[in-house]
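Here is a brief report on one protein chain. Keep the sequence and the model open while reading.

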Amino acid sequence: MIRHTPFVFLAAAALLLAGPAPAQTQTALNQQAGAEWKAADATMTVQWQRTYAAMKRRDAADTSRGGGFGYAAATLASQRAWLAFRDAQCVIEGGEYAGGSMQPMVQRQCLARLTRGRTTQLKDMMWQRGR
């Protein structure tokens, strides 16, 4: 006769009540990474609009250099160069898994990570020195 301790029954009951763990397919992981990137991109776009507008105001307020320092133009050039860098960098990072099902996820995770970092950079450009 097999003796079952109360612990065995409790453990079995807990496993039955917990149910199966939700399956994580690669497709679902790819979609999640894409959604995180879109959210990060939307946040960056809002910050970009604020920062660019502030740079235009800064240029307009500075008449000492014959029309401003050129903050807005430099900010626009910086953003365009950064976008090209981000996209190329994330192709490289995704390339580690070229042809595999993880490639889109890794690339989108990179896009989200770098985009969140750029959002912080854009916020940091909202300095108030000299005002």
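## Overall picture

Of the contacts in the protein chain with a separation of 6 or more, 71% are between residues 24 or more positions apart. The model is predicted. The chain holds four helices and zero strands. Along the sequence, the pattern reads α-α-α-α. The protein chain has 131 residues, and 24% of them are buried.

## The nonpolar core

Which residues form the largest nonpolar core? There are eight: M44, W48, W82, C90, C110, L111, L114 and L122. Three helices each supply at least two of these residues: α2 (26-61), α3 (71-95) and α4 (103-124). The top contributor is α4, which gives four residues.

W48 is one member of this core. Setting aside residues up to four places away in sequence, W48 touches T75, L76, Q79 and L122. L122 is itself a core residue.

## The disulfide

How many disulfides does a search of the whole structure find? The search finds one. In general, a disulfide is a covalent bond between the sulfur atoms of two cysteines. Here the partners are C90 and C110, with an S to S distance of 2.1 Å. C90 sits in helix α3 and C110 in helix α4, so the pair ties together parts that are 20 residues apart in sequence. The torsion about the S-S bond is about -80°, so this disulfide is left-handed.

Are the two cysteines buried or exposed? C90 is buried, with a relative accessible area of 0%. C110 is buried as well, and its relative accessible area is 0%. Both cysteines also belong to the largest nonpolar core.

D87 offers a reference point for C110. D87 lies in helix α3. D87 is partly exposed, at a relative accessible area of 37%. From D87 to C110 the sequence separation is 23 residues, and the C-alpha to C-alpha distance is 9.0 Å.

## Helix α3 and its packing on α2

Helix α3 has 25 residues. From its first C-alpha to its last, α3 reaches 36 Å, close to the 36 Å expected at 1.5 Å a residue. Its buried residues are Y71, A72, T75, Q79, W82, R86, C90 and G94. What covers them includes α2 and α4.

How do α2 and α3 sit against each other? In general, two packed helices are described by the angle between their axes and the distance between the axes. For α2 and α3, the angle is about 160° and the axes are 8 Å apart. Angles over 145 degrees count as roughly antiparallel, and α2 and α3 are therefore roughly antiparallel to each other. On the α2 side, the contact is made by W37, D41, M44, W48, T51, Y52, M55, K56, R58 and D59. On the α3 side, Y71, A72, T75, L76, Q79, W82, L83 and R86 take part.

## Two buried threonines

T115 lies in helix α4. At 0% relative accessibility, T115 counts as buried. Leaving aside neighbours within four places in sequence, T115 is in contact with W37, A40, D41, M44, W82 and R86. Among these partners, M44 and W82 are residues of the largest nonpolar core.

T51 is found in helix α2. T51 is buried too, with a relative accessible area of 0%. Its contacts, with neighbours within four places in sequence left aside, are T75, L122, K123, M125 and M126. T51 and T75 also both appear in the contact between α2 and α3.

## An exposed lysine on α2

Is K38 buried or exposed? K38 is exposed, with a relative accessible area of 62%. K38 lies in helix α2. The C-alpha atoms of K38 and L111 are separated by 9.1 Å, although these residues are 73 residues apart along the chain. L111 belongs to the largest nonpolar core.

Terms used
Residues numbered from 1 in each chain as written. Predicted model: local features only at pLDDT ≥ 70, side-chain atom pairs only at ≥ 80, totals over all residues. Heavy atoms only, no water. Core = buried A, V, L, I, M, F, W, Y, C linked by side-chain atoms within 4.5 Å. Buried < 20%, exposed > 50% of the residue type's maximum accessible area, 1.4 Å probe, protein only. Contact = heavy atoms within 4.5 Å. Disulfide = S-S within 2.5 Å. Expected span 1.5 Å × (residues − 1). Axes fitted to C-alpha atoms, helices over the stretch in contact; angles between N-to-C directions. Parallel < 35°, antiparallel > 145°, perpendicular 65-115°, else oblique.
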